[in-house]
Amino acid sequence: MTRQLISSGSTFEQEMGYSRAVVSHDAGGDWIFVSGTTGFDYASMTIAGDVVAQTDQCLRNIQAALAQAGSSLTDVVRVTYVLPDAADFPQCWPTLRRYFGEVLPAAMMISAGLADPRMKIEIEVTARKPAP
């Protein structure tokens, strides 16, 4: 088994000491573990004030990490959502359905504080890309 580190280039990764994602390669395929991802636009280090806009940006950030790993959102098998305000979660559902498509991943939603009060959602995913 080998590991491949995936980086978005965000300052968070350098400052906190983690990878955006890690790919674990084995004979059966690749497991891709994407770290908790927020709605920051990593290029400008800005974040929208709206939970739906943040959800959309989270998923674009996750798509980018999965693409670097040779994978996509269609390979996601597990997702965890963390929101400081659980009442915000239903607003996110249409965006989540749009990104995850027909075979929706197993999921969990947790209501908990996030590191920055501007953050309204954080999403973590696990994907499985079978061997060719």
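Here are a few questions and answers about aromatic pairs and a surface patch in this predicted model.

User: How many aromatic pairs are there by the ring-centre rule?

Analyst: Ring centres have to lie within 6.5 Å for a pair to count. By that rule the count comes to three.

User: What kind of pair do Tyr81 and Phe89 form: stacked, tilted or edge-to-face?

Analyst: Their rings sit 5.1 Å apart, centre to centre, with 50 degrees between the planes. Stacked needs under 30 degrees and edge-to-face over 60, so what falls in between gets the remaining label. That makes the Tyr81 and Phe89 pair tilted.

User: Is Tyr81 buried or exposed?

Analyst: The cut-off for buried is under 20% relative accessible area. Tyr81 comes in at 6%, so it's buried.

User: Which residue forms an edge-to-face pair with Phe89?

Analyst: Phe89 itself is buried, at 12% relative accessible area. Its edge-to-face partner is four residues away in helix α3 (residues 89–100), so about one helical turn separates the two. The centres are 5.9 Å apart and the planes meet at 90 degrees; the partner is Trp93.

User: Which residues form one aromatic cluster?

Analyst: Phe89 pairs with Tyr81, and Phe89 also pairs with Trp93. Phe89 is thus shared by these two pairs. The cluster is Tyr81, Phe89 and Trp93.

User: Which residues form a nonpolar patch with Val77 on the surface?

Analyst: Val77 is in strand β6 (residues 76–83). Patch members need over 30% relative accessible area, and Val77 is partly exposed at 37%. The patch has about 250 Å² of accessible area together, and Val77's partners there are Trp31 and Phe33.

Methods:
Residues are numbered from 1 along each chain as its sequence is written. This is a predicted model: local features need pLDDT of at least 70, side-chain atom pairs count only at pLDDT 80 or more; totals for chains, interfaces and linings use all residues. Side-chain values use heavy atoms; hydrogens and water are left out. Patches are made of residues with over 30% relative accessible area and no salt bridge: like charges are joined within 9 Å, nonpolar side chains (Val, Leu, Ile, Met, Phe, Trp, Tyr) within 5 Å. Accessible areas come from the Shrake-Rupley method with a 1.4 Å probe; for residues, only the protein chains shown count as cover. A salt bridge is a side-chain nitrogen of Lys or Arg within 4 Å of a carboxyl oxygen of Asp or Glu. Buried means under 20% relative accessible area, exposed over 50%, partly exposed in between (1.4 Å probe, protein chains only). Rings of Phe, Tyr and Trp (its six-membered ring) pair if their centres lie within 6.5 Å; planes under 30 degrees apart count as stacked, over 60 as edge-to-face and the rest as tilted.
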